[in-house]
Every structure is written in C-alpha cells, then in structure tokens.
Amino acid sequence: ADISSERRARLKRAINNYIPQDIRDDHISVITGDGASNAFIYEFGLNRFDRILVDAPCSSERHLLQNESEMLKWGAGRSKINAKRQVALLLNALRLTKPGGLIVYSTCSLSPYENDDVVEKVIIKTKKISTGRKGGSETKHVRTVSLTMSDIRVGGDKTKYGYHLLPDVSDSWGPIYVCVLEVYEGPPDFEECISGESDSENSSFSEDT
C-alpha cells in the first residue's frame, strides 16, 4: 500500500520482475492507502499480519545525487519531517502485526533521524503506552532481532538497532538501513527501552508526533 502513485508503479515493476506470476496472482495486491492513518487500521483490523515490511518514504540521498532538482530541495529539516511520518508508519505496523510476528523497517536514508532514531522512538513510545503514561492500555511492544552478516549477505555496518549498507562496503548496494523488530505482548523489555531513552533526550525531533 502507498499513497504515492509513483511509488506504487515502482513497486508493481519490482513485483513483476522478481515474484513468480502464480504467487503474484494469489497473494499480492498493490493498493492505494496511507499506512500512517487510522483508516488503515480500520480497513485491516488489529493483529492482522504475521509479517510487515515498512519500506518507509525517506530523504533517499542516493537518488538526490542523480537528480539535481531534488538536491536543491534537500535540507536537514526534511529528515526531521520524514521521521515523524516514519514513526507513525511503524506504530501502525505494530498495531497491525500479530504478537510473535516480525516487522522489517527499512529506508534508503543516511540520516540517523530516519533510521535508529525512529526505531528508538517506537520502542520508547510502546513502553509509555503500556505503563499508562500516555493514557493508553496497549500491551504490545517491539524488540530488535539480531542479524548476522550472512543474513545481510552483501555486508554492512551494525548500528544501535539495525544495519546500514553503504555502497563502498556493500558491493555498491545502498545506502540501505534495515532493522528487524519482533512484536510481543506483556511487560516491555525495559533494558532495551531504558538504554534508548537516555539517548532519545538528545533527539532532534519532538516526543509527540
């Protein structure tokens, strides 16, 4: 699902190029929708999916180098604006994913605002919802899943929560950031939440999105 017709067209091309037709016909639909909206939750319902890929809209620095008009639009504020939407997308993915399911969060951004900072915000927000500090009663949380370089295959650098694939060390792949999150119910993993909370105080975008 995507609200951008251009991105939906790119997704369709990728699906047609890499997914066998029988799987496409039986299991894949490309739809118009805003993954950050409440309407998306009403459409599909809570705890609907075992796996979700959040290939989030981002500042996409690699494409900037190939497009002069986009380069002229770029600025530090763009990453901060993107990050707010990315947090909303990832929180909705949490609501849509069944306990025990996995979420893959990915961008093609170099900015930590759009990568580890987004993951950290979601980990902390789910902790605060569970303890009632935001007036909610949700009990689902996320924790990161460790990957190995054999999982990544093309190499990359470990970050606080995920992995960053950069062209100079990843056989020209990237930049790509990827983080795998497991959804679980019950008390939050306070060790992971607390380790991130102290750093988040220095985050450059506000707590409330």
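Which side chain of opposite charge is nearest to Asp116, and how far away is it? The points below answer this and then turn to other features of the model.

1. The structure under review is a predicted model. Its secondary structure comprises nine helices and six strands. The protein has 209 residues, of which 39% count as buried.

2. On the opening question, the nearest side chain of opposite charge is that of Lys158, 6.8 Å away from Asp116. Asp116 has no salt bridge, although this residue is buried. The cut-off for a salt bridge is 4 Å between a side-chain nitrogen of Lys or Arg and a carboxyl oxygen of Asp or Glu. Asp116 belongs to helix 7, which covers residues 116-130.

3. The side chain of Asp116 does have a polar partner in the backbone: one of its polar atoms lies 2.9 Å from the backbone nitrogen of Lys160. Once neighbours within four places in sequence are set aside, the contacts of Asp116 are Thr159, Lys160, Tyr161, Gly162 and Tyr177. Lys160 thus appears both in this list and in the polar pair with the side chain of Asp116.

4. Tyr177, one of the contacts of Asp116, also takes part in an aromatic pair. The count of such pairs comes to three. Tyr105 and Tyr177 form an edge-to-face pair, with 6.2 Å from centre to centre and 70° between the planes. Tyr105 lies in strand 2 (residues 97-107) and Tyr177 in strand 6 (residues 176-185), so the pair ties together parts that are 72 residues apart in sequence. Both of these tyrosines are buried.

5. A further aromatic feature is a cluster in which ring pairs link Phe40, Phe44 and Phe49. Helix 3 spans residues 38-44 and strand 1 spans residues 49-55, with Asn47 in the loop between these two elements.

6. The backbone of Asn47 merits a separate remark. Its phi is near 55°, a positive value in a residue other than glycine. Is Asn47 buried or exposed? Asn47 is partly exposed, and its relative accessible area is 34%.

7. Two totals complete the note. Among contacts in the protein with a separation of 6 or more, 72% are between residues 24 or more positions apart. The protein exposes about 11,800 Å², and carbon and sulfur atoms supply 51% of that area.

Notes:
Residues are numbered from 1 along each chain as its sequence is written. This is a predicted model: local features need pLDDT of at least 70, side-chain atom pairs count only at pLDDT 80 or more; totals for chains, interfaces and linings use all residues. Side-chain values use heavy atoms; hydrogens and water are left out. Helices (H or I, at least four residues) and strands (E, at least two) are DSSP runs, numbered from the N terminus. Buried means under 20% relative accessible area, exposed over 50%, partly exposed in between (1.4 Å probe, protein chains only). Contact means heavy atoms within 4.5 Å. Accessible areas come from the Shrake-Rupley method with a 1.4 Å probe; for residues, only the protein chains shown count as cover. Lys and Arg count as positive and Asp and Glu as negative; His and the chain ends are not counted. A polar contact is a pair of N or O atoms within 3.5 Å; within protein, one must be able to donate a hydrogen and the other to accept it, and residues adjacent in sequence count only if both atoms are side-chain atoms. Rings of Phe, Tyr and Trp (its six-membered ring) pair if their centres lie within 6.5 Å; planes under 30 degrees apart count as stacked, over 60 as edge-to-face and the rest as tilted.
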